[in-house]
Amino acid sequence: MGLAAEPDSSNGDKTPLLLSHPLKRTGTVWTAVAHIVTGVIGSGVLSLAWSVGQLGWIAGPFSILIIASFTLISSFLLSNTYRSPHPQFGPHRSASYLDAVHSHLGLKNGRLCGLLVNISLYGFGIAYVITSAISIRTILVSICYHTNEEEVACEFVDAYYMLIFGAIQVVLSQIPNFHNIEWLSVVASIMSFAYSFIGMGLSILQIKEKGYVEGSIEGIRSRSRTEKLWLVAQALGDISYSYPFSTILLEIQDTLKSPPPENQTMKKASVISVAITTFFYLGCGGAGYAAFGNDTPGNLLTGFGSSKYYWLVNFANVCIVVHLVGAYQVYSQPLFAIVENWFRFQYPDSEFVNHSYFLKLLFLPDFELNFLRLSFRTAYVASTTVIALMFPYFNQILGVLGSLIFWPLTIYFPVEMYLGLSNTEAWSAKWIMLRSLSILGFVFGLFTLVGSIQGIVTQKLS
C-alpha cells in the first residue's frame, strides 16, 4: 500500500520511510488473483443476466468478451507503470494509482485523477453498505415467509443491517495496510465463487426443469426503439462496471515479491483473474437469461424467491454479505493510505499522527493502535454508513458516477502513462491503436452515462 516505502540506497531514492521498519513484500500470483477477484466479482455479477437479456444472445456474450479484453489491455498497460523509468528494473515505485498518474502525467492530471479515484473508492463503499443490508433483509424475509407462510407479517428495515455492517467495517478497517489482508481476500473470493455458482446452478436447474432455453437474438423487447437504446446503454454500463480493478491494481502490485519482476507477476494475475471473472459472467449472465427470458430480474437471485431451494438462495445471500465485507476493505484501504500518508508528510513530528501503541489482548495477537488510523477510518466508515442510510437508492446514482470515471481511470490515464514511459513514436501502429482505444472508450463512457441518467430520471418520474 504505500504506508511504508522501501528505500534504495544504490540510487539515492529520496522516498521517505514512513514506518520504522522496511515493508516486506511477500505477495504472489495467487494472492494477487485473490485480491482482484475479491474486488471484481461482486454482487453486480448477479445483474448480468438482465444485461445479457437486454442485448440478446449474440450481442450480450460478445459485449462481455470485448469489455473483458479492454480491461485486460488496460491492466497490462498499467502494470508497466509501477516501476519507472524501466518497467522491470526502474528504481522508482508507484505504490498507488494516484501516485503513478502524479509521477508520470504531472500535478494537474494527478489532482483530477485523485478526485476521480476517491469518488470511485468512496462510492463503492456506500454501495457495499446498501447491498449487504438488502441481502441480509432478503434472508430474514425468506426465513420469516417460509416459517410463518404469511408474507405480509414479514417486514424488516434495512437501516439496522446497515449499522451492523458499518460496525463490522469499523473493526476491520483498523488493519494497518493492504499487506495484512491477504486472508480476507481469500475468504471473500471463496464466497464470491459460492454465490456465483449458486446463481448459475439454480438457473441451469430451472432450464432443465422447463426443458427448453428462453431468450432471443434481439433480447428483451421494449415499447419503443428509443427505450431499447437507453436500456442497451444501461446494460453495457452494468457489464463495464463489473471489471473495476484498475484503481486498485497498483496497490495489489505493490504487495508482490520480486523476483520475478512485479509487472510480469501482475500480468499473469490479471490474465487469470479476468479469465475467471469472465467465465462466471458468461455463466451467470447466459444461464440466467436462458432460465427467465423476457422475465429476467435485475438481480438473478430474486427470481428464485419462491423456489423450493430457498435455503440455497439464503446461503448465497450470506455469501454475498461475507464477500462484501472483504470487498469493502479492498476498496477502502487505498483511500486510507492516500489520506494517512498526506497527514504523515504534513505533520511528521505529530505523535497523534505517527506514533503507534501495541496493545496486548487476551487470547489474541498484539494489536497496533494508531490514533490517526482509529479516528479517520472510524469517521470514514461512519460517513459511508450514514450516506447509505440517507440515500438507500444511492446505488443508482453510483451508475452515473461509474460512467464518469470509466473512461479516464480504465482507459485514458493508463494509455497516456504507457505512451509517455515507453516513448512510443507518434503515428506508429501501436500509437494509433492505443489512441483509437482511448477515443472508443470516451464515446462508450459518454453513451453509458447518458443512458444511466435517463434511467434515473425515468424511474424518478414513474
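How much area does the chain expose, and what share of it do carbon and sulfur atoms supply? The chain exposes about 21000 Å² (Shrake-Rupley method, 1.4 Å probe; for residues, only the protein chains shown count as cover), and carbon and sulfur atoms supply 67% of this area.

The model is predicted: local features need pLDDT of at least 70, side-chain atom pairs count only at pLDDT 80 or more, and totals for chains, interfaces and linings use all residues. Residues are numbered from 1 along each chain as its sequence is written, and side-chain values use heavy atoms, with hydrogens and water left out.

Of the 462 residues, 52% count as buried (under 20% relative accessible area; exposed is over 50%, partly exposed in between; 1.4 Å probe, protein chains only). The chain holds 14 helices and 4 strands (DSSP runs numbered from the N terminus: helices H or I, at least four residues; strands E, at least two).

Two helices contribute two or more residues to a nonpolar surface patch, described after the table.

| Helix | Residues |
|---|---|
| α6 | 182-210 |
| α10 | 310-346 |

Trp183, Val187, Phe315, Val318 and Val322 make this patch of about 430 Å². Patch residues have over 30% relative accessible area and no salt bridge (a side-chain nitrogen of Lys or Arg within 4 Å of a carboxyl oxygen of Asp or Glu), with nonpolar side chains (Val, Leu, Ile, Met, Phe, Trp, Tyr) joined within 5 Å and like charges within 9 Å. Helix α10 gives the most, with 3 residues. Valine 318 lies in α10 and counts as partly exposed because its relative accessibility is 37%.
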